[in-house]
Amino acid sequence: MSDAQQITLIVDGEETKVTTGTTGAELFFERRDVVVARVNGELKDLDQELPEGAEIEGVTIDSPDGLDVLRHSTAHVMAQAVQQLRPDAKLGIGPYITDGFYFDFDVAEPFTPEDLKTLEKMMLKIVNQNQKFVRRVVSEDEAREAMKNEPYKLELLGKKNNAAEAGEGVNVEVGAGDITIYNNVERKEGTTVWCDLCRGPHLPNTKLISNAFALTRSSSAYWLGNQKNQQLQRIYGTAWPTKDALKAYQERIAEAERRDHRKLGVELDLFSFPDELGSGLPVFHPKGGIIRKEMEDYSRQRHVDAGYEFVYTPTSPRDTCTKSQATWTGTRKACSRPCTWTRNSTRTAPCESPARTTT
Ligand SMILES: [Zn+2]
């Protein structure tokens with residue numbers, strides 16, 4: 001191998017000579033847990049060529065960045081399944097989020113829980129087909145041609161130069177740099193079975209998603225998070241590197257639901273939320289009243305111990321209370337709450353408030 005065919009890379013801090021044109025996939029051939037490469041600080045698909053002198057780091061699927069890529073790639077698989085189930089569905093955006101992902105769709109009918117079950121099965125089929133994610137740099141005209149049936153993607157292309165301010169999640173699809181489309185290529189025939197306008201990166205293939213994913217719920221969502229826009233249907237999901245990690249996550253969620261105060265409040269006869277009062281407004285039952293009083297007594301005693309004094313004002317003052325309250329340094333916002341306090345004034349306040357005398 002002559003020097004002319006070689007380049008030098010810094011791989012995980014060590015200088016390494018490789019042939020010109022070497023990709024991340026070739027560099028990390030023996031590390032199956034590496035799913036993307038950090039190249040000079042930026043995440044890149046493994047099939048991209050590595051440039052001379054670049055600092056390279058392998059990103060594993062269980063690292064924070066690896067999990068984000070896994071979840072976003074799973075969102076692609078879900079969108080492909082959705083367009084199989086509902087061929088008229090138009091694509092919105094599909095970013096990763098904490099512990100999972102979502103994708104928005106313009107569809108005639110909202111998704112049902114049965115739809116989500118069907119979609120999970122269809123997604124597993126796509127995963128098992130081991131489709132390749134193939135990055136394609138395109139011109140704006142080529143992107144418009146490829147996305148001609150996707151009105152929301154066409155709109156995003158128009159926002160490319162202003163992606164950061166354009167709305168929720170736009171950066172995931174377009175932004176600074178090349179316009180890229182990712183093809184999902186089916187292995188047997190080598191044909192592109194689905195594609196999306198997206199900045200990437202993605203996993204090298206769908207097989208890496210394994211069966212450790214689940215669709216969790218659906219809801220409506222406004223296009224780009226703006227309520228003046230079209231209402232779309234959003235499906236949320238989660239994805240993990242292993243089935244065990246998925247199960248552990250699902251157990252955490254189930255445990256949180258078991259401890260949900262709204263559920264426990266009803267089950268233990270502590271409080272309820274009558275519809276006629278409005279959502280989120282609790283009525284405390286006798287048992288709940290005992291707990292509430294104990295907490296209030298404790299809070300009051302702690303304030304007395306800390307040198308506060310109490311003042312009392314009406315709980316439904318005029319609107320101007322918000323303004324006058326601003327003069328109360330340290331007073332909390334909710335002027336109709338009976339237990340806000342301040343540390344540095346005893347002036348009359350528009351709230352029932354313990355106050356500490358300044359001397
Ligand atoms: Zn993508």
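**Exercise 1. Find how helix 2 and helix 3 pack, and which residues meet.**

Start with the axes. Helix 2 and helix 3 (residues 113-128) pack at about 115°, their axes 9 Å apart. Helices here are DSSP runs of H or I, at least four residues, numbered from the N terminus. Axes are lines fitted to C-alpha atoms over the stretch in contact, and angles run from 0 to 180 degrees between N-to-C directions.

This is a predicted model: local features need pLDDT of at least 70, side-chain atom pairs count only at pLDDT 80 or more, and totals for chains, interfaces and linings use all residues. Residues are numbered from 1 along each chain as its sequence is written.

Next, list the contacts (C-beta atoms, placed from the backbone, within 7 Å). Helix 2 contributes Val77, Met78, Gln80, Ala81, Val82, Gln84 and Leu85. They meet Asp115, Thr118, Leu119, Met122, Met123, Ile126 and Val127 of helix 3.

**Exercise 2. Trace the contacts of methionine 78.**

Set aside neighbours within four places in sequence. Methionine 78 then touches Phe103, Leu119, Met123, Leu215, Ile235 and Gly237.

**Exercise 3. Place the largest nonpolar core.**

Define it first: buried Ala, Val, Leu, Ile, Met, Phe, Trp, Tyr and Cys residues joined through C-beta atoms within 7 Å. Buried means 20 or more other C-beta atoms within 10 Å of the residue's own, placed from the backbone.

The core has 53 residues. Val35, Met78, Phe103, Met123 and Ile209 touch the most other members. Helix 2 (residues 64-85) gives the most, nine residues. Domain 1 (3-59) and domain 2 (65-257) both contribute, so the core lies between them. Domain bounds come from an automatic or database assignment.

Key:
Buried ≥ 20, exposed ≤ 12 C-beta atoms within 10 Å, placed from the backbone. Helix = DSSP H or I, 4+ residues; strand = E, 2+ residues; numbered from the N terminus. Contact = placed C-beta atoms within 7 Å.
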